[in-house]
Amino acid sequence: MNKINLSAYQPIADIQDNIVFANNGNVVLCYEGNLPEIYSLSEKDFEDIHGAWFQALKSLPVGIVVHKQDIYLKKCYSSEILPNTTFLEKATHAHFKGREYMEHKCYLFFILTKNKAINNPKYVNPLRKVSKGIVQELDNTIKSFANSINDSVSFINNSRRASLRPLNEKEIIGLTETYF
């Protein structure tokens, strides 16, 4: 079996704001999600969240891949931020100091799979000129993709129960380095 050195073949061609242009032609919009604590919701709250996600994702154009990744890390609670002056405050401080808890992070990636026109040998050849019409068409496709994703993200952010924020370039590179 042949081995590939992933550090020699970076998967990212360019990053602009929270938009990643991958080497394989895919375009990815990256977000970090803020979801409510586990066991803090009623059945009605779960139904509301499900309805918001369903409506937001239902409105996306055909062919978009949505990748949601939840990361849970076991950590120890630092009670340094808790007040520690009165008897009750000291008891609370001692109770929570060093207790284990699960830190939860959620990432959401909207992927526009590669356009076959981009990988056509006619456009990949560096010695041939690319027509301006193709560049304009690809630019319009990406703008349309980003607008539809922004509408879905706005719908989720207006739902009161969950929120998404765009990742910046440093965060995206950090996630990539963690994986590769």
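Visitor: Which residues form one aromatic cluster with Phe-96?
Guide: This is a predicted model, in which local features need pLDDT of at least 70, side-chain atom pairs count only at pLDDT 80 or more, and totals for chains, interfaces and linings use all residues. Residues are numbered from 1 along each chain as its sequence is written, and side-chain values use heavy atoms, with hydrogens and water left out. Rings of Phe, Tyr and Trp (its six-membered ring) pair if their centres lie within 6.5 Å; planes under 30 degrees apart are stacked, over 60 edge-to-face, and the rest tilted. The cluster joins Phe-96 with Tyr-77 and Tyr-101.

Visitor: How many residues apart in sequence are the parts that Tyr-31 and Phe-110 tie together?
Guide: The structure holds four aromatic pairs. Tyr-31 and Phe-110 make an edge-to-face pair, 5.9 Å centre to centre with 80° between the planes. Helices (H or I, at least four residues) and strands (E, at least two) are DSSP runs numbered from the N terminus. Tyr-31 belongs to strand S3 (residues 27-34) and Phe-110 to strand S5 (residues 100-112), so the pair links parts that are apart in sequence by 79 residues.

Visitor: Is Phe-110 buried or exposed?
Guide: Buried means under 20% relative accessible area, exposed over 50%, and partly exposed in between (1.4 Å probe, protein chains only). Tyr-31 has a relative accessible area of 3% and is buried. Phe-110 has a relative accessible area of 1%, so its class is buried.

Visitor: What is the angle between the planes of Tyr-107 and Phe-109?
Guide: Tyr-107 counts as buried at 8% relative accessibility, and Phe-109 does so at 13%. Their rings form a stacked pair, 6.4 Å centre to centre, and the angle between the planes is 25°.

Visitor: Which element gives the most to the largest nonpolar core?
Guide: A nonpolar core is a set of buried Ala, Val, Leu, Ile, Met, Phe, Trp, Tyr and Cys residues joined through side-chain atoms within 4.5 Å. The largest has 21 residues, and those with the most contacts inside it include Trp-53, Phe-110 and Phe-145. Strand S2 (19-22), S3, helix H1 (43-58), S5 and helix H4 (132-157) each give two or more residues. The most, five residues, come from H4.

Visitor: Where does Asn-18 lie?
Guide: Asn-18 counts as buried, at 10% relative accessibility. Not counting residues up to four places away in sequence, Asn-18 touches (heavy atoms within 4.5 Å) several residues, among them Val-28, Leu-167 and Ile-172. Val-28, Leu-167 and Ile-172 are included in a second, separate core of 10 residues. Asn-18 lies in the loop between strand S1 (12-16) and S2.
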